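This report describes a single protein chain, moving from one pair of strands to the elements around them and then to the chain as a whole. The sequence and structure come first.

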Amino acid sequence: VGWVEPEGWIHITDRAKDMIIRGGENVYPREVEAFLYGHPRIRDVQVIGVPDERYGEEIMAWVQTEDGAEITVEEVREFCQGRIAHYKVPRYVVVVDEFPLTVTGKVRKNVMREQSIERLAVLLRGHLGHLRRQRRGGCRLGPGLAVHRGGLQPVAHWLLVVAGRVH
């Protein structure tokens, strides 16, 4: 994905296969990443799309923080509020020490996507009863937060926060 200047210069802005389609809107991960780099506690960030029943895809940000600082999805959403389009705000935030890389040092977003889908499915499956009770009670589900510290570990090391409650 890119654009051509009138003088003929070609600018590549992102890979088409990385584009996220959320509720019919095209979201370019690089645009969201560039914005999130402005957060004072985010050292590095990678944005991916994960399947969502309602919107087709939801936005997930994998972040590395400055010196192990903690960050919550609420902080990320507050940082984004009114500064980028609402459909570009990440619903899920994963805090990691490192990203999966190829032998040449490129980020493996396909691996990140697979791990995220697998782990979210396990977490959500375990909490479906609770989520159904919330829906019946009339509570609207808020943003989710997947947090992980210490590299890529088993699913048990992930936490999920939905509607402000840790599950």
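## The hairpin of strands 5 and 6

In strand 6, T65 is the residue that stands opposite I42. The coordinates belong to a predicted model, in which local features need pLDDT of at least 70 and side-chain atom pairs count only at pLDDT 80 or more, while totals for chains, interfaces and linings use all residues. Residues are numbered from 1 along each chain as its sequence is written, and side-chain values use heavy atoms, with hydrogens and water left out.

Strand 5 and strand 6 (residues 56-65) pair in the antiparallel sense over ten bridges, where strands (E, at least two residues) and helices (H or I, at least four) are DSSP runs numbered from the N terminus, and two strands pair if DSSP finds at least two bridges between them. Three residues lie between these two strands, which form a hairpin, and a further bridge partnership joins G49 to I59 in strand 6.

## The open sheet

Strands 5, 6 and 7 form an open sheet in the order 5-6-7, with mixed pairing. Its edges are strand 5 and strand 7 (92-95), each of which pairs on one side only. On average, neighbouring strands of this sheet are turned by 25 degrees against each other, direction ignored; the axes are lines fitted to C-alpha atoms, for helices over the stretch in contact, and angles run from 0 to 180 degrees between N-to-C directions.

Strand 5 is mostly covered, with eight of its eleven residues buried, a term that means under 20% relative accessible area, as against over 50% for exposed and in between for partly exposed (1.4 Å probe, protein chains only). Helix 1 (residues 29-36) lies across strand 5 and strand 6, and runs at about 145 degrees to strand 5.

## Surroundings of I48 and R22

I48 is placed in strand 5 (residues 42-52) and counts as buried because its relative accessibility is 0%. Although twelve residues separate I48 from M60 in sequence, the two are 5.4 Å apart in space, C-alpha to C-alpha. Leaving aside neighbours within four places in sequence, the residues in contact with I48 (heavy atoms within 4.5 Å) include I20, E58, W62, K109 and S116.

R22, found in strand 3 (residues 20-22), also counts as buried because its relative accessibility is 12%. Its side chain joins that of E58 through a polar contact of 2.9 Å, that is, a pair of N or O atoms within 3.5 Å, of which, within protein, one must be able to donate a hydrogen and the other to accept it, with residues adjacent in sequence counting only if both atoms are side-chain atoms. With neighbours within four places in sequence again left aside, R22 is in contact with Y55, E57, E58, I59 and Y87.

## Helix 2

In helix 2 (residues 73-80), the residues V73, V76, F79 and C80 are buried. Seen down the helix axis, the buried residues of helix 2 fall within an arc of 125 degrees, so they line one face of the helix; the arc is that of the directions from the helix axis to the C-beta atoms. Just after helix 2, G82 takes a positive phi of about 75 degrees.

## The chain as a whole

The chain has four helices and ten strands, and buried residues make up 41% of its 167 residues. Among contacts between residues at least 6 apart in sequence, 57% join residues at least 24 apart.
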